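Open the model in your viewer and keep the selection box handy. We will go from stop to stop, picking a few residues each time and looking at what surrounds them.

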Amino acid sequence: MPYIPVQFKGQQIKEGQLSDNMNAVNCFSLVRKAKLIRYVVDKRASQILLYFAGRTSPFVIDLGQQMRFGDESISAYEYCKRALEVGDLLDFIIQPNSITQVLIYWFHVRHLGSESEAGKYSKKEEGLFAFKTKSGEKAERLVTRLLRDKYGHQFSPELLDNPGVFTIYYKGKKTRKPDRVCSVCNLNFEVKKRNRDRHYRVSHSEARPFASENSADGWHAFVFPDMSVHFVPNAKIISAIQANIFTPGRDGYDSWATLDRSFIKDETPPVCTYQE
């Protein structure tokens, strides 16, 4: 069954097609797989205007509208800033007796593989997982374009552009691989998106130590809330962990090491070494 936030399950909902001729109904209206072609953050009116393919006029949602996924809430504005991109396919719910006022929106999800292949990763609330993962994917594309344009590294074209559809990959979740590898010089980069802080935090545990899954000659790119990118060589991170210059942490799904800011400093990544 397609995903819907738990607070709307059991509610009377009419699912409709996106068009200029939508009619207001006295219950929640649900639209799925609407392709976002433009969005405007109007801070004066405290609204986000969402424009979709197949419809001329926009839908609107208040900047401060709290959207709940699982046990977490996020404002429509923060969701937009962190994760939204032109080309996304979105599902959204319109409030009763309205044809434009959106109450909540989320990424339309498809799945690859089965839940049994993902283990504990399949237990995450789907809407929350999609938002956090998509935020990371947006950061990955930002870093990829920066590495190409400023440092000459080359990547497959599909890694630069938003595919539109958000996919939850159950298959292969237990095997880690670098987020980006230059197709010319093979230098690898792992991208870490920080949504609420400026921590240098990496995946690490006794069972899966950082050095076992990250090559010493690779790099990490940390993307902070202002979308600024900060590069740190893996060798420096490995040294910090070996010297115990970090604070360990964990939750129900992940374990990590927060690196000491007095030891970790931004560095400039190397330019692609390939010469024609």
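One cut-off before the first click: a residue is called buried when its relative accessible area is under 20%, exposed when that area is over 50%, and partly exposed in between. Keep in mind as well that this is a predicted model.

**Stop 1: two cysteines**

Select Cys-27. Its relative accessibility is 10%, so Cys-27 counts as buried. Now add Cys-80, which is buried too, with a relative accessible area of 3%. How many disulfides does the model have? The count comes to zero, where the criterion is a pair of cysteine sulfur atoms within 2.5 Å.

**Stop 2: the nonpolar core**

Next, select Phe-69, Tyr-79, Phe-92, Tyr-105 and Trp-106. These are the residues with the most contacts inside the largest nonpolar core, a set of 40 residues. Colour β8 as well: with six residues, this strand gives the most to the core.

Now centre the view on Tyr-79. Is this residue buried or exposed? Tyr-79 is buried, because its relative accessibility is 0%. Show its surroundings and, leaving out residues up to four places away in sequence, you will find Met-67, Phe-69, Ile-74, Leu-84, Tyr-105, Trp-106, Phe-107 and Phe-131 touching Tyr-79.

**Stop 3: the aromatic rings**

Stay here and display the rings. The model has 14 aromatic pairs. For one of them, pick Tyr-79 and Tyr-105: the ring centres are 5.0 Å apart and the planes meet at 80°, so this pair is edge-to-face. The two partners come from distant parts of the chain, 26 residues apart, with Tyr-79 in helix α1 (residues 76–83) and Tyr-105 in strand β8. Tyr-105 also counts as buried, because its relative accessibility is 0%.

To see the wider group, select Phe-69, Tyr-79, Tyr-105, Phe-107, Phe-131 and Phe-166, which form one aromatic cluster.

**Stop 4: His-108**

Keep Phe-166 on screen and add His-108. This histidine lies in the loop between β8 (102–107) and β9 (109–112). His-108 counts as buried, because its relative accessibility is 15%. Which residues is His-108 in contact with, leaving aside neighbours within four places in sequence? They are Arg-32, Lys-33, Leu-89, Leu-90, Asp-91 and Phe-166.

**Stop 5: a three-stranded sheet**

Move on to β13, β16 and β17. They form an open sheet in the order β13-β17-β16, with antiparallel pairing. At the edges are β13 and β16 (246–250), each of which pairs on one side only. From one strand to the next, the twist averages 30°.

Zoom in on β16 and β17 (residues 255–259), whose antiparallel pairing runs over five bridges. Select Arg-250 and you will see Ser-255 of β17 opposite. Then show helix α4 (residues 234–242), which packs on the sheet and touches β13, β16 and β17. The direction of α4 makes about 100° with that of β17.

**Stop 6: Arg-198**

For the last stop, select Arg-198, in the loop between β12 (188–193) and β13 (201–203). Arg-198 counts as partly exposed, because its relative accessibility is 37%. Measure from its C-alpha to that of Pro-225: the two residues are 27 apart in sequence and 7.4 Å apart in space. Beyond neighbours within four places in sequence, Arg-198 is in contact with Phe-224, Pro-225, Asp-226, Ser-228, His-230 and Arg-261.

Note on methods:
Residues numbered from 1 in each chain as written. Predicted model: local features only at pLDDT ≥ 70, side-chain atom pairs only at ≥ 80, totals over all residues. Heavy atoms only, no water. Helix = DSSP H or I, 4+ residues; strand = E, 2+ residues; numbered from the N terminus. Buried < 20%, exposed > 50% of the residue type's maximum accessible area, 1.4 Å probe, protein only. Contact = heavy atoms within 4.5 Å. Core = buried A, V, L, I, M, F, W, Y, C linked by side-chain atoms within 4.5 Å. Pairing = 2+ DSSP bridges. Axes fitted to C-alpha atoms, helices over the stretch in contact; angles between N-to-C directions. Phe/Tyr/Trp six-rings, centres within 6.5 Å; stacked < 30°, edge-to-face > 60°.
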